[in-house]
Amino acid sequence: KDANAALLSNFEVYQLLTDLKQQRKESGKTKQSSGQQNLNTIMYETLKYISKTPCKYQSPEIVREFLVAMKEHKLTK
């Protein structure tokens, strides 16, 4: 599949951002460029918003079960 045309679920975005946040904590880098600070702000605001949604409590198995259940409906993007 075309990687540029893929859609991400809220769960996937939440997982990605929490993983990136954890990696940054472990690396311990302190000096950041203004572009990096802007990215950190976007990540923080996105995580803050998305943490209030049900995706915080989902798992890969739940998402997979949902996709299998919806497959028979043949929905398009």
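Biologist: Which helix is included in what covers the buried residues of H2?
Modeller: This is a predicted model, where local features need pLDDT of at least 70 and side-chain atom pairs count only at pLDDT 80 or more, whereas totals for chains, interfaces and linings use all residues. Residues are numbered from 1 along each chain as its sequence is written, and side-chain values use heavy atoms, with hydrogens and water left out. The buried residues of H2 (under 20% relative accessible area with a 1.4 Å probe, protein chains only; exposed is over 50%) are Met43, Leu47 and Ile50. What covers these residues, with contact meaning heavy atoms within 4.5 Å, includes helix H1 (10-27).

Biologist: How wide an arc do the buried residues of H2 cover around the axis?
Modeller: H2, a helix (a DSSP run of H or I with at least four residues), spans residues 34-50, and its buried residues are Met43, Leu47 and Ile50. They lie on the same side of H2, because the arc, taken from the directions from the helix axis to the C-beta atoms, is only 70 degrees.

Biologist: Which exposed residues sit on the face of H2 turned away from its buried side?
Modeller: The buried side of H2 holds Met43, Leu47 and Ile50. The face turned away from that side carries exposed residues, namely Ser34, Ile42, Tyr44 and Tyr49.

Biologist: Against which helices do the buried residues of H1 pack?
Modeller: In H1, the buried residues are Phe11, Tyr14 and Leu17. They cover an arc of only 135 degrees around the axis, which puts them on the same side of H1, while Gln23 and Glu26 are exposed on the other side. The buried residues of H1 pack against H2 and H3.

Biologist: Which helix gives the largest share of the lining of the largest pocket?
Modeller: A pocket here is an open set of points on a 1 Å grid over the protein atoms alone where a 1.4 Å probe fits, with protein on both sides within 12 Å along at least five of seven lines, and lining residues have an atom within 4 Å of a point. The largest pocket is lined by 23 residues, with Ser9, Val63, Phe66, Leu67 and Met70 nearest its centre. H1 and helix H3 (60-71) each supply at least two lining residues, but the largest share, nine residues, comes from H3.

Biologist: Which helix gives the most to the lining of the second largest pocket?
Modeller: The second largest pocket is lined by Lys21, Arg24, Asn40, Met43, Tyr44, Leu47 and Lys48. The elements that give two or more residues to this lining are H1 and H2. With five residues, the most comes from H2.

Definitions and conventions. Expected span 1.5 Å × (residues − 1).
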